[in-house]
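Q: Please take a close look at one residue in this model, beginning with how far its side is open to solvent, and then carry on to the backbone and packing elsewhere in the chain.

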Amino acid sequence: MGLFLLDYGAGNVQSLANTLERLGRSFRWIESPSDFDDATSLIFPGVGAFQTAVDGLTSRGFLEPLRQYISSGRPYFGICIGMQVLFQSSTEGSAPGLGIIPSVIDAFSNEDKTVPHMGWNSVHLIDPQSMADEGLLDEALHYYFVHSYRATYDPEREPGAAQWVHSVAQYGKEVFVATVQRDNVFGCQFHPEKSGDAGLRLLDTWLREPGLARSGSQVQSPPSQRVPFPPRPKDGLAKRIIACMDVRTNDQGDLVVTKGDQYDVREKNENKVAAPDPSLAVAVTGGAVRNLGKPVALAARYYAAGADELALLNITSFRHSPLRDQPMLAVVRAAAATVFVPLTIGGGIRDTVDPDGTPRPALEVAGAYFRAGADKVSIGSEAVYAVERQRATSVADGNSAIETIARVYGRQAVVVSVDPKRVYIDGDVAAFDGPRKSELVRGSGEEEGKAWWYQCTVKGGREARDLSVVELARGVEVLGAGEILLNSIDRDGTGRGFDLDLVSLVRQNVRIPVVASSGAGHVSHFVDVFKKTGVEAALAAGIFHREEVQIDEVKGALTKAGVQVRNGSGL
């Protein structure tokens, strides 16, 4: 008897387990159909694709016991797919849902916005006078959403579904269902376990007695009182500030957070090699790996400081193979247990072979990190190779890391990290008639008269490929990536600001979210990149590690400039 968590075999359910432990709540996992009989309350933290979720429930024999559990009147809390499965069906797949809510889940339009809907958005209570709403949601706060499909709120066309709607959110011009509540059922499209303090409070409120036994306790407005919620001039989606930690082994074999200067992570030594003639002494560079702290400690610090997301990128080869790199897996587990905002892990997400010859597909590697507590995985060089194959054959083979992971976990779980560099045009720019003519950027100010295109690289920037950043960005979008992490080799570690030309170019050529990275050295650089490019998020590393700029300073400057951000810390 007690609280149970339902895991159908995909996605990061460990984050919810960590959240419940943080709240001091004991729980058990549903491991067999008979466990539903022992549950007095149930949380379904579904992550990934609708079809995968229903197939997973069916293959484990959980679908009908779940339906019977909800019908019994015992408390149910569905998160993301755990809410969507209550509906009749989804256009994301052919499998039917539970059919409890008479409506269909459909895809967001990307005509006026990027998809997935990814980030911190506000909610609006449909029935704010209901006393049952007290303590669950706060219209002044932001909650973390990450999804490509949604339920629309249309009380005139679907009055039966509308009476389930507890709150709505707006993305672009679309108003969609944020939470549902009726009798013993509560569900939310966002992730409370990744919504910082706001999410912790929601879960704690739902779990507290008598909130745990909610059957029949709510005052529901009749369908006739559900009125349309017309779109507002501006949605509530906040711009995201991401703290990134490049993790690698130092010369002593310990995992540390480091930061490169144009991808060089070793300290610059100015030691002189002795010579008979002092004027012939040679300066030697390449000292110890730059150590800026321990990854778990820094992650906790950034969470407390109000970072909207965290990224842990393993920038060196794994010690054995991704699945045998226990120190890195341990870092992810420890970080996920102390931070309650989204966590991205990168490095080694590709098809590999263990030293004993055992093949490890990228999907298996990603799954290990999701189970350890990661919410998204970042793919680098492998994405370049996949797009090259796609362009060579004009078709996607369905076997790339991007495709296999997105198919199971949803495209919102796949980030592609891009490492481009400028290639300047020699001679008369006006006469240039090369294959990237349409992608040329013409310089201004100090670079007046110059022009360049952006070439993609692999292997940490060490090898250039015959692929432009636009070709790569468009290609990974087709393959199923949900977000692009856009680095700049030219700006990395310089503190000169983001490469606005690069960010604008990619932002204009894809309909998925883009994260600007590399070059931030001042709070004004964040204001510039958001105001001048329309990018969804901005990432920084060194200036945060060295405490040259604080996250609250960045958000304060953005607020002053009229850029919408999530306020508050993670504590």
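A: D183 is partly exposed, with a relative accessible area of 41%, where partly exposed covers the range between buried, under 20%, and exposed, over 50%, calculated with a 1.4 Å probe on protein chains only. This is a predicted model, in which local features need pLDDT of at least 70 and side-chain atom pairs count only at pLDDT 80 or more, while totals for chains, interfaces and linings use all residues. Residues are numbered from 1 along each chain as its sequence is written, and side-chain values use heavy atoms, with hydrogens and water left out.

Although D183 is not a glycine, its phi is positive, at about 50°. The residue sits in the loop that links β12 (174-182) to β13 (185-188); here strands are DSSP runs of E with at least two residues, helices are runs of H or I with at least four, and both are numbered from the N terminus.

A second non-glycine residue, E547, also has a positive phi, of about 60°, and it lies in the loop between α16 (542-545) and α17 (551-560). E547 is partly exposed, with a relative accessible area of 47%.

A further backbone feature is the peptide bond from V115 to P116, which is cis, with omega near 15°. P116 belongs to the loop between β6 (101-107) and β7 (117-121).

The strand β6 takes part in an open sheet of three strands, ordered β5-β6-β10, with mixed pairing. Its edge strands, β5 (87-90) and β10 (149-150), each pair on one side only, and two strands are said to pair if DSSP finds at least two bridges between them. β5 and β6 run parallel and are joined by three bridges, and S89 has V104 of β6 as its bridge partner.

Turning to packing, helix α12 (residues 401-409) has seven of its nine residues buried, so the helix is largely enclosed by the rest of the structure. Those buried residues are A401, I402, E403, T404, I405, A406 and Y409. Their cover includes the helices α10 (362-372), α11 (381-393) and α13 (469-479), together with the strands β22 (376-379) and β23 (414-418), where contact means heavy atoms within 4.5 Å. After α12 comes G410, whose phi is positive, near 95°.
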